[in-house]
Each structure stands twice: as C-alpha cells, then as structure tokens.
Amino acid sequence: MPALVTCGSACAAVNEAYLTMLGVEAHEVVGRSIESLILERVAGPDRSVVERAHEQSRTPQPAGHLWCRLRDVGGREHAVRVVWRRLCVPAARLVVFFDAEPEAFGRESTDVLARAAGSLGTCATEHDVLERAAEALSERGLTSTVLLIDEGDPLLRYGPTRSPGSGPGRRAFERARPPRTILEAFNPAFSERRAAFFQNGVRLVRDAYPEPVASDLAARLPSERMVQAPLFVDGRPYGALVVTGELLTPLLAVSIELFAELVARAVENVRLRVERVERERLAALGEAAAVMAHEVRNPVAALRNAVSLLQRPDLDAVGRHEMLRVVSEEAARLERMVEDLLTLGRPLVPRPRAVALESLVEAAVGLLARRNELDAVTLEVSAPERPMIALVDEDLLQLAVNNVLRNAAQSSPARGRVRVSFESRERERAVVVEDEGPGFTDEVMRRLCEPFLTTRATGTGMGLAVVRRVLDASGGRIEAGRGAAGGARVALWMPAEE
C-alpha cells in the first residue's frame, strides 16, 4: 500500500505503491513538505480538513489519521484514509495511505438511500415502491432483485430487478424460481429482520438454482459480494431485497437493512391509503343510493315541463327556443351527474408517468373551451419559470383539473377572472386555480370534498369529491382556501418527477 516517511516536515522516502498511485517519480517527491504533497493532490472540499490535520500533527501526539480524496495523475479521485505514526528515529513519521473507497461508497450510499426512502411515500402502488427502491440501488452502481412471497406458493416470485451495467436482468432470473426456503436457509436471522452479508454470493446462486441456470446466472453476477435484506409488511414475511456489488461491505449491509425496513413501511402506507380510499368510495356509493334519486328529480321535472310546453301549439318561436335551451341544459346536467357518479364509484388504478403539467392544463382549457364552458369568464394562465413535471396518471389528473376549472368558471361572476398558476416544492408540484366568486364558507371548508355538497343551484356536488379521489389514488393532495381576489383557491399537489 502507498506509504512515505517524513523527517521533520519534509518527505524522506517513498515506496513504489505511492509513486504508482500518483504517477510521479521519486525525485519529484523526496525533499518536499508533506503538507504540500498532500494539498497538491487533495480534492477541493477536503483541503481544510488536511490543513487542520497538518497543524495537529505538529503536536507531540504519537499518531493520527484523516479521511480525504486524492487525485491521481489522470485526475481521478481516490478515497483514502491517511494514517501517520511516530518512528523511533527522532522527528520521523511513517505515513500510510489505506484504500477507503468502500468506506466512501458506504457513506455516500447511505445518504442516497436515506433520501430515496423519503420519496417512497409518494408512490401510488406497491409495485411503484419496489420499482423506485430498485432504481435507487441501481443508481449507486448496485444490482438489486426483489424476491416476493405469495401465500401458499412454495416458490418465490420476482419483483423489480435493476442493474447499472450488464448484470442479470429480470428475464434471466425468471428462467427458474427459487424455493421460498432459501430466504432463511441462507440467512438464519431472516425472521429477526436482519440483513446478511455474503462474501461469496456465487455459491448461494449455485445452491438456489438448478443447472444450467445456476452457471448462467453466476456468470452474469457483477460481483461475488451480496446482501440479503428481509422485507416484512404488516408483521409478516413479504420477501427480500437481494443486492450485489463489488463495493458492498458489512457496514453497508446495515444501511441496506434499514433501507429495506423503510421500503416495507412504504408498502404498508400504500395499503393503508388504498384501504382508506376504498372505504370512502363505498361510503360515498351508499350515500349516493339515498341522495341520487332526490337529485335526479329536479332535472327530470324540468325536462318534463319543457317537453310539455314544447307540445303546445300556441308556443311562439322565442318560447320554443327557450324551452329547447332548458332541455339542453338539464340533459347536460344529468349527463355530468352520471359521469361523476360513475367516476366516484369505480375503482381507480393509476398508471403514473412523467407528465408536464403545463401541457395538461392547456388540454383541459381546450376541452372546456370547445364545450363553451369558459365563455362567461376571462381565463389567465401563468407560465411556470421552469418545466413542471409530475408523476401522475395523465387521464385521471386531466379529469381532476377539468372539474376544478369548471367549478371556478361556474362560481365566478360574468366576465370574472379565473387564474391558473403553478407552484413547486421540494418533492411536489401543483396546479393552482383561483376565481373571483364568493369563495368557501367555514362550513363548506369543513365538508369541502364530501359527495353531493354544493353551493350552486345547478351543481351536482360531486366535482371536488372526484378530485379528491383522483389525488388520493395518485399519492397527491388537495388544498383549498381563499384566493388573493377573495374567491376560492384550489391547489392540486402531486408527486414531483425530475
């Protein structure tokens, strides 16, 4: 390993490993101060650490160490731990440079995985959680596979598999499914939710799969080092996160164990959210059975009256035109009630992808304009300073934006302004709609997203209930309050996708 000897503050001798690491000749190093040698090659952010350590080395302490990154002759950075000890020769020290790349990788990976775990709460489905977890590991140069347990099935099922390079893909793995028993056979602490680090993961692959699949997979593994981290959901075995990589260490295995625990908690949150949405859906349908009959009576009665008047022979052209307008409006009202009721009742299965919110708002405005639903108001759309990308189901979010814009237009006075803008937070993006109508009263605010709650004589009371269902299913949320002009302000917050 790279090493040098100092006498006083100058370098007295170096070994070949040191010269090879930095790509220099001995005469370029011997005689120079140790401080200048290290500072010449240390990465910028670590210079202050090295300078402080050099000051401390002048004290009579017998030894010391620091962690930093040094650049080789090609400019590539190497993580090293520099250790120095006093020698028996007066004023002499031995300085050794230990390879700290695994340690540096572990530190950085722990930070990255912690941030990734924080974003799992925005996932809409269990599969999305597992996909994002596998992607986070892949971004750190690690190959990961999710093994899943199905009740009553003796074989494991494959979840998402990600590899940064030419490692095994899901199709290669699915040539054979390993038995469920390997989880505890290879990791005796599996039931205790503890991860296991394996120095020779190839042997495990050969034990888990039949030939020739085992040899094929073993040849595809990027490294022999492997970590198996248990996944327990709702207190029951859910599967395991299997990670392979050359820089894996027992210390990093602990971080992956914690990451797997956070992945499992995110899966539990998805299940709870789905259950809550389903309960609300069934409750809304129960209420719909009681309320819908009453709500339908008004437009049906208006239609019957209009048709009765249209049949009168003495009805003039003006009266006929007015009755036809009533028929058209009440029929459209019934159509909206049926559409909203169907949306409120059917299960929502979002298929999220990266969507530009500006394009989605533009499409919503175009649709409502073609239906003449924005003719009575002045619409203002503020362009965002940068692209606003959200991870959502485009069709479902389009429905939500349509409903909010329609509500704003119907609540505003004639020629009133409806403003559409965009807002951004760390992990969220929002479409904000403000109008100049009467706004929300305190009572309405408390019951805002309840089905069939409306403040308009011709309202169905299901618009915002549908919006809330869409956002709940998509991992988003709705914020409502008073806008700058005194009217209603509704913000649709959605998970961000950079």
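**Chat: one helix, two sheets**

Trainee: Which exposed residues does α12 carry on the face turned away from its buried side?

Mentor: Glu362 and Arg370 are the exposed residues on that face of α12. Keep in mind that we're looking at a predicted model.

Trainee: OK, and which residues of α12 are buried?

Mentor: Leu357, Leu360, Val361, Ala364, Val365 and Leu368. Looking down the helix axis, those buried residues of α12 fall within an arc of 135 degrees, so they line one face of the helix.

Trainee: How far apart are the end C-alpha atoms of α12?

Mentor: They are 20 Å apart. Helix α12 covers residues 357-370, which is 14 residues, and at 1.5 Å a residue the expected span is 20 Å, so the two values agree.

Trainee: And which residue with a positive phi follows α12?

Mentor: Asn372, with phi near 60 degrees.

Trainee: Let's zoom out. How many helices and strands does the protein chain have?

Mentor: The secondary structure comes to 15 helices and 17 strands. The chain has 498 residues, and 46% of them count as buried.

Trainee: What about the surface: how much of the exposed area do carbon and sulfur atoms supply?

Mentor: They supply 53% of the roughly exposed total, given as about 24900 Å² for the protein chain.

Trainee: What share of the contacts with a separation of 6 or more comes from residues 24 or more positions apart?

Mentor: That share is 63% in the protein chain.

Trainee: On to the sheets. What is the strand order in the open sheet that has β1 in it?

Mentor: The order is β2-β1-β5-β4-β3, five strands with antiparallel pairing. The edges are β2 (10-14) and β3 (63-71), each of which pairs on one side only. From one strand to the next, the twist averages 30 degrees.

Trainee: How many bridges join β3 to β4?

Mentor: There are 9, and the two strands run antiparallel. Leu66 stands opposite Val82 in β4. The two strands form a hairpin with 5 residues between them, and Gly75 in the turn has a positive phi of about 90 degrees.

Trainee: Then which residue in β5 does Val82 stand opposite?

Mentor: Phe97. Val82 therefore links up with what I said about β3: it has Leu66 opposite it and Phe97 of β5 opposite it as well. Strands β4 (77-86) and β5 (92-99) are antiparallel and joined by 7 bridges. Arg85 stands opposite Leu94 in β5.

Trainee: Which residue in the turn of the β4 and β5 hairpin has a positive phi?

Mentor: Ala91, at about 65 degrees, and that hairpin has 5 residues between its strands.

Trainee: Which strands does helix α2 lie across?

Mentor: Helix α2 (residues 34-41) lies across β1 (3-7), β2 and β3, and it runs at about 35 degrees to β3.

Trainee: Now the sheet with β10. What order do its strands take?

Mentor: The order is β7-β6-β10-β9-β8, another open sheet of 5 strands with antiparallel pairing. β7 (157-162) and β8 (196-198) stand at the edges with a single partner strand each, so one side of each has no neighbour in the sheet. The twist here averages 20 degrees from one strand to the next.

Trainee: Over how many bridges do β9 and β10 pair?

Mentor: Strand β9 (residues 226-233) and strand β10 (residues 236-244) pair over 8 bridges in the antiparallel sense. Leu231 has Gly239 in β10 as its bridge partner. Helix α5 packs on this sheet, touching β6 (143-148), β7 and β10, and its direction makes about 40 degrees with that of β7.

Trainee: Ser138 sits in α5 (126-139), so is it buried or exposed?

Mentor: It counts as buried, because its relative accessibility is 15% and the cut-off is under 20%. Ser138 touches Arg162, Ser163 and Pro164, leaving aside residues up to four places away in sequence.

Trainee: Last one, Ala196 in β8. What does it touch?

Mentor: Leaving aside residues up to four places away in sequence, Ala196 touches Asn187, Met226, Val227 and Gln228. Ala196 counts as buried at 11% relative accessibility. Ala196 and Ala229 are 33 residues apart in sequence, with their C-alpha atoms 6.6 Å apart in space.

How values were computed:
Residues numbered from 1 in each chain as written. Predicted model: local features only at pLDDT ≥ 70, side-chain atom pairs only at ≥ 80, totals over all residues. Heavy atoms only, no water. Pairing = 2+ DSSP bridges. Helix = DSSP H or I, 4+ residues; strand = E, 2+ residues; numbered from the N terminus. Axes fitted to C-alpha atoms, helices over the stretch in contact; angles between N-to-C directions. Contact = heavy atoms within 4.5 Å. Buried < 20%, exposed > 50% of the residue type's maximum accessible area, 1.4 Å probe, protein only. Areas by Shrake-Rupley, 256 points an atom, 1.4 Å probe, with all protein chains shown as cover. Expected span 1.5 Å × (residues − 1). Arc of directions from axis to C-beta.
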